[in-house]
Amino acid sequence: MTSDDARRLALALTDAVEQDHHGRPSFRVGGKIFATLWDDEHMNVMLDEGGIHQAVQEHPDLCTEVMWGKRLAAVRVHLPGARPETLGRMLEESWELRAHRRR
């Protein structure tokens, strides 16, 4: 997958928009970030702690944990090795967490 592929998957989700976040593209629903493009080869997906651990366990060749300070905050997905359905499921889960809070 490319960063353009990842962008299309994120923006295909209902009400998803792209906005700058400290110089990086972020994908939001209801103002809440559910993913960011870290660079051309990596996307951070803001899953809950259980989802992050599961993604790393199921896809150790693609996924690493991302910490913000002392908090486990996201899973970093290596895009060139990712399959659209794998990243799509992660994005949907993260989107749902943010969209649900909004309602």
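Visitor: Which residue takes a positive phi in the hairpin of β1 and β2?
Guide: This is a predicted model, in which local features need pLDDT of at least 70, side-chain atom pairs count only at pLDDT 80 or more, and totals for chains, interfaces and linings use all residues. Residues are numbered from 1 along each chain as its sequence is written, and side-chain values use heavy atoms, with hydrogens and water left out. Helices (H or I, at least four residues) and strands (E, at least two) are DSSP runs, numbered from the N terminus. The hairpin has two residues between the strands, and a positive phi near 55 degrees is taken by His-22.

Visitor: How many bridges join β1 to β2?
Guide: Strand β1 covers residues 17-21 and strand β2 residues 24-29, and the two run antiparallel. Strands pair if DSSP finds at least two bridges between them. Val-17 stands opposite Arg-28 in β2. The number of bridges joining β1 to β2 is five.

Visitor: Which are the edge strands of the sheet?
Guide: The open sheet has six strands, paired antiparallel in the order β1-β2-β3-β4-β6-β5. An edge strand here pairs on one side only. That applies to β1 and β5.

Visitor: What angle does the direction of α2 make with that of β6?
Guide: Axes are lines fitted to C-alpha atoms, for helices over the stretch in contact, and angles run from 0 to 180 degrees between N-to-C directions. Helix α2 packs on the sheet and touches β5 and β6, where contact means heavy atoms within 4.5 Å. The direction of α2 and that of β6 make an angle of about 35 degrees.

Visitor: Which element gives the most residues to the largest nonpolar core?
Guide: A nonpolar core is a set of buried Ala, Val, Leu, Ile, Met, Phe, Trp, Tyr and Cys residues joined through side-chain atoms within 4.5 Å. The largest has 27 residues, and those with the most contacts inside it are Phe-34, Met-43, Val-45, Val-75, Leu-87 and Leu-91. Elements giving two or more residues to this core include α1 (3-11), β3 (32-39), β4 (42-45) and β6 (71-78). With five residues, the element that gives the most is α3.

Visitor: What is the bridge partner of Leu-37 in β4?
Guide: Leu-37 is found in strand β3, and four bridges join β3 to β4, which run antiparallel. Beyond four places in sequence, Leu-37 touches nine listed residues' worth of chain, among them Ser-3, Phe-27 and Leu-79. Its bridge partner in β4 is Met-43.Visitor: Is Leu-37 buried or exposed?
Guide: Buried means under 20% relative accessible area, exposed over 50%, and partly exposed in between (1.4 Å probe, protein chains only). The C-alpha atoms of Leu-37 and Ser-3, 34 residues apart along the chain, are separated by 7.2 Å. Because its relative accessibility is 5%, Leu-37 counts as buried.

Visitor: What is the radius of gyration of the protein chain?
Guide: The chain has three helices and six strands, which run α-β-β-β-β-α-β-β-α from the N terminus on. The radius of gyration is taken over C-alpha atoms, and the globule rule is 2.2 Å times the number of residues to the power 0.38. For 103 residues the rule gives 13 Å, and the chain's value is close to that, so the chain is as compact as a globular protein of that length. The radius of gyration is 12 Å.
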